[in-house]
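Q: Please take a close look at one part of this structure, beginning with a single charged side chain and its partner. Then connect that part with the other features that a bench biochemist would want to check.

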Amino acid sequence: MNSQTNTPDLILHHALITTLNRAQPTASALAIADGRFVAVGGDAEVMALAGPSTRVIDLHGRRVLPGLIDNHLHIIRGGLNYNMELRWDGVRSLADAMAMLRQQVAITPSPQWVRVVGGFTEHQFAEKRLPTIEELNAVAPDTPVFLLHLYDRAILNGAALRAVGYTKDTPEPPGGQITRDAAGNPTGLLLAKPNAAILYATLAKGPKLPFEYQLNSTRHFMRELNRLGVTGAIDAGGGSQNYPEDYAVIQKLADDDQLTIRLAYNLFTQKPKAEKDDFLQWTRGSTYKQGNDYFRHNGAGEMLVYSAADFEDFRQPRPDMSPDMEGDLEDVVRILAENRWPWRMHATYDETISRALDVFERVNQDIPFDDLHWFFDHAETISERSIDRIAALGGGIAVQHRMAYQGEYFVERYGPGAAEATPPLARMLEKGARVSAGTDATRVASYNPWVGLAWLITGRTVGGLRLYPQRNCLDRETALRMWTEYVTWFSDEEGKKGHIQVGHLADLIVPDRDFFACTESEIADISSEMTIVGGKVVYGAGRFADLDEATPPPAMPDWSPVRRYGGYGAWADRSVQSQVRVAAPAACGCAHACGIHGHDHATAWSSRLPISDLKSFWGALGCACWAV
């Protein structure tokens, strides 16, 4: 046993613990004191440390993993808006999604919008399509509906078009397209051609939550992440996320000790053509690593300069970066290197990465980067040459599972051969590059880490398309390290977290099934039954529900979609849904509209009542669906 002498606050025993500590890969018990692991080993040795006030939890053979850390999550921006968003993450059919939308429209008061803001793809639906504008207008004739699909398009119903003021006389926006009918009137379809500025700008026109509601919203988003086993993240900034104004909510929660996610944040430039001024100002007023183990500064990015932003819309041709890119980028990188701020840089295509590396190598000659923990984000089409150049400069590559949501579009444009290494995951690791994984949630992909882990392991999109041959897929342990141990370099926290190891921060999860024993098809459906951050149970479900120490108050406002649907996969109890689906469509002779059969029974199973209650309720109305 590896231990310290502190009397534990908490002991977990009779467990299957995957530590990721190569010196002690497995254990059956662990002890926590003062927010850190103080013992990891066998049951007898660890239980001997218990004192009269030690809480002891018998896990009855359950798997324990280190807490997951997302290397690229827009958690600050996402938290400000989470309670207003209807999430289609994980919804398996368009019929179900539209049933959710219809119900949300019915309870959303004027002048609020119903927003479905990313985290899904049409390919996840059984129907393999998005709703039409006519379908949106039918379910919401008077309530504005804004639907964002990845970063390629937005669909607005007629009420939303009226709310944002787009008319026949609205000029075409720079970098985007408002599609129009034969008379020149906007149809409701907005296209990102060649960038997503029109999508951001339109979404920004919607109502915002007041400060107190944003606090509540952020707590609910963190709880949703905790439910999925996330204990830490690096926030990548975001468009229209102003510093320090839009950081006030997360700072307040940090000051009040209400963070349940450890958060390292990057500062994202806000002013095209004035990026140098942003970073001059911020480096004068902020210090790298300022903060604590729960909330700390992590440098610059992911946007460093707008002239280097190659948006990842694979439905459009690869954009050519401005000839000003190198000069703009060098000005900023020199400021960062001089102030010893690391940075992260959004880069989808190798052509962008190569040009940026020319700049980085030139600055490094004058101001050696040494141990600055800088890195590229995304890097879907990165070349082996660029991987070698990054490694030589001491940088890293942060990958995200965007291809799980956009892989079909990449294949349509470039072919299946080109898609086989987008990005070249296994090759990066073979070459010894620093690599880690995350989501880029909440808009371009879902925040569910298990979808990301499934993508790393199976090489499949959420729509089921096999993108990668086995040689570019990862084994389960390596994929898990990509979400734990390997992320810590990217926030310069190596040796502090990412393992279940004496001295590390006590962050762990008890998943609802064994990650190492379940089938590959089950991985994306994993959630956590108990999540611990700093020795505190921040999420508990099932037999661990009574241990939960961080339940937030109900979601605000009272019409919030979070109250009815929750987050990823929580909108309908999967056991209820699976039992309903065993009934053939012909068996349903009801007049009550069953969403499962193309009608509208979603009110039943989204209520999350016990199956027996649902059967009794709908059976009393003569619905044969529940005779299963």
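A: Arg344 counts as buried in this predicted model, its relative accessibility being 0%. The partner of Arg344 is Asp377, for which the relative accessibility is likewise given as 0%, so that Asp377 counts as buried too. Between the two side chains there is a salt bridge in which the closest N and O atoms are 2.7 Å apart. Because Arg344 belongs to strand E16, residues 344–347, while Asp377 belongs to strand E17, residues 375–378, this pair ties together parts that lie 33 residues apart in sequence.

The sequence neighbours of this pair lead into the nonpolar core. The largest such core has 124 residues, and those with the most contacts inside it are Leu329, Trp343, Phe360, Trp374 and Phe376. For Phe376, when its neighbours within four places in sequence are left aside, the contacts include Met345 and Ala347, then Ile353, Ala356, Leu357 and Phe360, and also Ile390, Gly396, Ile397 and Ala398. Phe360 thus appears both in the list of residues with the most contacts inside the core and among the contacts of Phe376.

The bridge between Arg344 and Asp377 can be set beside other charged pairs, since a search of the whole structure finds 42 salt bridges. One of them joins Lys271 and Asp278, with the closest N and O atoms 3.6 Å apart, a separation that still counts because the cut-off for a salt bridge is 4 Å. In this pair Lys271 is partly exposed, with a relative accessible area of 41%, whereas Asp278 counts as buried at 3% relative accessibility.

Another bridge links Glu477 to Arg481, and here the closest N and O atoms are 2.9 Å apart. Both residues belong to helix H17, residues 476–482, where their spacing of four residues means that they are separated by about one helical turn. Glu477 is partly exposed, its relative accessible area being 35%, while Arg481 is buried, with a value of 4%. Elsewhere, salt bridges that share partners join Glu384, Asp388, Arg427, Glu430 and Lys431 into one network.

Disulfides give another result, for the search of the whole structure finds zero of them. Cys473 is in no disulfide, and the nearest cysteine sulfur, which belongs to Cys518, is 16 Å away. Seen from Cys518, the closest cysteine sulfur is that of Cys473, and the distance of 16 Å is too far for a bond, because a disulfide requires the two sulfur atoms to be within 2.5 Å. Both cysteines count as buried, Cys473 at 9% relative accessibility and Cys518 at 8%.

Empty space inside the model can be considered next. Rolling a probe the size of a water molecule over the atoms shows where such space is left. The search of the whole structure finds three cavities of 30 Å³ or more, and the largest of them has a volume of about 40 Å³. The lining of this largest cavity is formed by Pro66, Gly67 and Ile69, by Thr231, and by Lys497, Gly498, His499, Leu505 and Asp507.

The backbone, finally, has several places to check. Most residues other than glycine have a negative phi, and most peptide bonds are trans. Against that background, a cis peptide bond joins Gly301 and Glu302, with omega about 10 degrees, and Glu302 is found in the loop between strand E15, residues 295–300, and helix H10, residues 325–338. The peptide bond from Ala441 to Thr442 is cis as well, with omega near 25 degrees, and Thr442 has its place in the loop between strand E19, residues 434–438, and helix H16, residues 449–458.

The loop between E19 and H16 also contains Asp440, which has a positive phi of about 65 degrees although it is not a glycine. Asp440 is buried, with a relative accessible area of 6%. A positive phi of about 65 degrees is found at Leu20 too, again a residue that is not a glycine. Leu20 lies in the loop between strand E2, residues 10–18, and strand E3, residues 26–27, and with a relative accessible area of 3% it is buried.

Methods:
Residues are numbered from 1 along each chain as its sequence is written. This is a predicted model: local features need pLDDT of at least 70, side-chain atom pairs count only at pLDDT 80 or more; totals for chains, interfaces and linings use all residues. Side-chain values use heavy atoms; hydrogens and water are left out. Buried means under 20% relative accessible area, exposed over 50%, partly exposed in between (1.4 Å probe, protein chains only). Helices (H or I, at least four residues) and strands (E, at least two) are DSSP runs, numbered from the N terminus. A nonpolar core is a set of buried Ala, Val, Leu, Ile, Met, Phe, Trp, Tyr and Cys residues joined through side-chain atoms within 4.5 Å. Contact means heavy atoms within 4.5 Å. On a 1 Å grid over the protein atoms alone, a cavity is a set of points where a 1.4 Å probe fits but cannot get out, and a pocket is an open set with protein on both sides within 12 Å along at least five of seven lines; lining residues have an atom within 4 Å of a point. Grid points are joined across faces, edges and corners, and a volume is the space filled by probe spheres set on the points.
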